[in-house]
Amino acid sequence: MARIKKKGQAGAAKNFVTRNQAIRKLQLSLPDFRKLCIWKGIYPREPRSKKKVSKSSTASTTFYYTKDIQYLLHEPLVQKFRDHKSLEKKISRALGRGDVSDAKRLETNASRPEKTGKPTYTLDHVVRERYPTFVDALRDLDDCLSMLFLFANLPSTSMVPAKMIARCERLCLEFQHYLIVSKSLTKSFLSIKGIYYQANIQGEDVLWLVPYRFNQRIVGDVDFRIMGTFVEFYMTLLGFVNFRLYTSIGLKYPPKFDAVKDENAAELGAFTLEGKTLIGGEEQKKLEDVAHKPDPKVQAAVNKVLKSITNGDSNGAAAEEAKNGDSDEVDQDAAGAIDKFEPAAPGGDILLQPSYNGTNPNSLFSNFTIYLSRETPRQPLEFILKSFGCKRVGWDAVLGGGAFTTDELDPSITHQIVDRPPIQASMDEDGDGEDNQTAQKLAANRRVPGRIYVQPQWVWDSVNDGELKEPHLYAPGASLPPHLSPFVRKVQGAYDPTMPLEDQEPEHEALEAGDDDEEADADETVEGMDVAESGDEDEDEDEEDEDEQDEDDEEEEEEEDHNDALQRQIELEAEMAGKTVQSKTANPKTKAKEDARKALAKKAREEAEDLERAKGMLSKKKRKLFEQMQYTNNKKSAEDAKLRSKRRKVEKEKAAKA
Amino acid sequence: MPVLRSATAGSGEAPKQFSQPSRKGKKAWRKNVDVTEVEEGLRELNDEIIRGGVIREKASEDLFVLDVAGDSKIPQKFPKHVKKGLKADEIINKRSAVPAVPMRKRPGDKTTDGVIAAKRQRTDWVSHKELARLRKVADGHHESTVAVKDATFDLWDAPAEPVAQDPTDFLPEKVEAKVPKSMKQQPLSLLSNGKQLPAVPKPTGGYSYNPSFPEYEKRLAEESTKAIEAEQKRLEAAAAEAAKLEAAARSAAEADAAEERANMSEWEEDSEWEGFQSGVDERPSAKQPKRKTQAQRNRIKRRKEEEQLAKHKAEMKTRRAQEQRIKEIAAEVEDKEKQKALVLAQAAAEESDADSEIGEEKLRRKQLGKYKLPEKDLELVLPDELQESLRLLKPEGNLLKDRYRSMLLRGKVESRRHIPFKKQARKKVTEKWTHKDFVI
């Protein structure tokens, strides 16, 4: 007979521990345990049945895997936490006795490790453990960057010490410097929450959100202890990531930091990037490269294989390259003109970037000298302009130090970014009101000739489209085109305002549009004025048509059959009579269109049948899901069609006017 | 008890044993112990100091002099010839030998002898601020102890530590703990579909500061329907609450009325005296099960066997039929699987697109931890606040809350709530009757 199993000896009861059990096992306090879990990446889990896990009478809410907790016992940080706990005990005992000076002595001894020989700890090994490779770290950089940029912009409070904020700011600026030098920023988006940035770092897309300045309210329902713990970890992480990124492009880390300039709010300008010492540094880099690169024989073999693969398969090749070696991006930039899809070139990152015809998108503003007016947000503009190749960015003195020029009248300025409405009333009578605050020497409404004035959105739209937008659309006072999100993935068949109509409309819509044209033409001949209205009605009809597509299809088919039979009959009769057949459809164009439509309808019908068959084989739950999905898709596509038709109408009107 | 006594002041009494007749009783209390002797001694000591120092501590040279003057008895013998001092001088000379404590600071104090006196420092002084901080530390609110250092080496490319091979070391090598597989599992996502949300979801066009009209309109409509729904729900809840309260009040009133009635009619109701009885005639009416006979058992057994056989035969038949068209079935199954995979792939592709964008997340029913996930802020610029200019933009939402919520949503931590103070013992409040304690 099998042995009788006791309750709580196996299964869930053994695999999970409650939080209190874990704390007791590790002999830590709850805040320390929380900290440790966040740093080590141990997350709360959910057992299938809570009742089977905990034996206590009160319901526990948080569970962990026993093995995780067991593993935590080996963590060297645990010892540090315990030491600190014992110190706390000593201090509280001293305070309880009234020995305040004793308590202070204990505390100062602990907080001055260099005097007492008791070291504080670092999180280096934890970072290494959680991110075994650099790519892992890059993949998790979204969260890290968002947090650090957020904390860099917080006001300092008792919960968020100024030291932490300064450190966050510094790390963020260093990271921005890397992005500028390596030109790896790809997109940016002005949202109502903040500014989104996307960069491509060594083949990984990193997206982060930076808040607007002076906007952060501290709310009560955020646990700052937890956030602070995350930030501590992420600061360590970003420090190491920065080091790696800097050394990968041959720069020295940390860059030289000028405290005086930083006091003057120079921000990016407070740092001076230094290359490694010229001779030794290069050698070192070479050595590193050798160290990184795989065995040359293997590499040669891989190259051979790659050559045999067609060039079209560039993505795979690129991935391979990215895997194979850390590339030196500076070198790549220098040789930027070479054909980009050559897999034998030692660098994957360039390959991954989309090719823009002729111009490199990351040197978009390289020939400009840009001046920022005092009402524009300097930090994001400076960062974006610099990372897209602009070397000379000047701004008003009130925006802080580190500008290329603070003189608004500098003749070398080609573009000025302004964000204030043009004032209609002339200010001439008032004369030049002297403003001590700014270095501005122009009156409110004056313009310097030979310079392009644009609103800030011009920069963002140009960057996202990879080409310079026409500045007259973004002139001060002009009504701006909408700022579209560059992160929306293009869905097949969805309306995209940036693409021409012909590229995005599906076939059946194009055909219908053609019909509409003809009808409209006919209308024009008859009653010229009502084109627009008739168009409207047509569209409405179209929509209805789409809704009742299936029924229509069937009817059409019958009609076609009928037509075919009739045609045949006529032909036969003609043959009998010995005459030539008079083709009913005189116009070959319409005929072709008719054929196309037929083919399309047939294809659609077949597809629908296939889908129906597939649907029949799904389980009920999945079928429901699928149907729901189809419903929303249809709705979306109807909306898209509506938008397209609207645009078609507008374009037609424009064409008619022209 | 030590008794202070000056050597010169003789008490005149013979030395005797210290008398303490009893240690019991009120006399032995601290306040009742006789200390006049001690006080006397102290006073004498003080007098001596005033007169120029404690005599016992003085050197003999100060106390004794070689008398080279004439006879001291002469003035007594011839008092008329001796010049008496003034009474005033006498009084003045009586003054204390101890210099007075200067009450005023004088400029002269600043001039020193060149040797700078060490400034007296209270090395053990702890300010109130510091004390408050220490108390906090003792409560476990310590500041970060993570050392802030710039990275000085490449963490991912660091050379492996050289393994020191000590031939004399006979201890076995330390075995590193293996990382459990459970550590690598993704955290528990709070989404209903169980998928991991990206750390920073991609913004759609509706979140633009200068959105295109259709996108903005769509978002506005969505948000407004959501707000309306929430308001309706709130109103419904309020109405339900009110109805419940009303019902409770009504039932309470009814119960009261019934009780009253019952009190009134206690003796008028039917009772056992009149032959009525309740709850007695509930006799079990079910028939007792009889035993099955052997014949019945046999019949049942036969029937079961027959049924089983028939079932077996039917199964075998279908199986044989299937065996004959096994290839067809295989093809069919394959086809089915393919179709299924196709449809599912389509669905998955749709979903993954939707997941990585900002939007309304569908949460799972079971929450993680004790508290609910905090609500998302409304991130929408109202139509009348919508500005085209970046300068006039009023940022919406709270990024801090957003980040925190994202952590919770991805299951990195369980949701917590700030507890501003501990639960305190409830105190019973009673009314005092002091207002009645007066007499006119």
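Here are some questions and answers about a predicted model with a chain A and a chain B.

User: How many helices and strands are there in chain A?
Analyst: Let's start with chain A on its own. Buried residues make up 41% of its 658 residues. As for secondary structure, chain A comes to 27 helices and 11 strands.

User: Among contacts in chain A between residues at least 6 apart in sequence, what share join residues at least 24 apart?
Analyst: Here we look at pairs in chain A that touch, leaving out those under 6 apart in sequence. Of the contacts that remain, the share joining residues at least 24 apart is 65%.

User: Which residues of helix α2 of chain A are buried?
Analyst: This helix covers residues 19–26 of chain A. To count as buried, a residue needs under 20% relative accessible area. In α2(A), that picks out Ala22(A), Ile23(A) and Leu26(A).

User: Why do the buried residues of α2(A) line one face of the helix?
Analyst: Picture looking straight down the axis of α2(A). The buried residues line one face because, in that view, they fall within an arc of 100 degrees.

User: What do the buried residues of α2(A) pack against, and which residue follows the helix?
Analyst: The packing partners are in chain A too: β1 (16–18), α3 (30–40), α5 (66–72) and α6 (76–97). Just after the helix comes a residue with a positive phi, near 55 degrees. That residue is Gln27(A).

User: How much area do chain B and chain A bury between them?
Analyst: The contact takes 98 residues from chain B and 123 residues from chain A. Carbon and sulfur atoms account for 63% of the buried area. The total is about 9700 Å².

User: Which residues in chain B lose the most area to chain A?
Analyst: We're after three residues that together make up 9% of what the chain B side buries. They are Trp156(B), Leu399(B) and Leu400(B).

User: How many salt bridges are there between chain B and chain A?
Analyst: One of them joins the side chains of Glu46(A) and Arg364(B), at 2.7 Å from N to O. There are also 29 residue pairs in polar contact between the chains, with both residues at pLDDT 80 or more. The salt bridge count is 11.

User: Which element gives the most to the side of chain B that touches chain A?
Analyst: That side divides into 42 nonpolar, 23 polar and 33 charged residues. The elements of chain B giving two or more residues are α5 (128–138), α6 (213–264), α8 (326–355) and α9 (399–409). With 10 residues, the one that gives the most is α8(B).

Definitions and conventions. Residues are numbered from 1 along each chain as its sequence is written. Chains are lettered from A and ligands numbered from 1 in the order in which they are written. This is a predicted model: local features need pLDDT of at least 70, side-chain atom pairs count only at pLDDT 80 or more; totals for chains, interfaces and linings use all residues. Side-chain values use heavy atoms; hydrogens and water are left out. Contact means heavy atoms within 4.5 Å. Buried area is the accessible area (1.4 Å probe) that two parts lose on being put together, summed over both. A salt bridge is a side-chain nitrogen of Lys or Arg within 4 Å of a carboxyl oxygen of Asp or Glu. A polar contact is a pair of N or O atoms within 3.5 Å; within protein, one must be able to donate a hydrogen and the other to accept it, and residues adjacent in sequence count only if both atoms are side-chain atoms. Helices (H or I, at least four residues) and strands (E, at least two) are DSSP runs, numbered from the N terminus. Ala, Val, Leu, Ile, Met, Phe, Trp, Tyr, Cys and Pro count as nonpolar, Asp, Glu, Lys and Arg as charged, and the others, Gly among them, as polar. Buried means under 20% relative accessible area, exposed over 50%, partly exposed in between (1.4 Å probe, protein chains only). The arc is that of the directions from the helix axis to the C-beta atoms.
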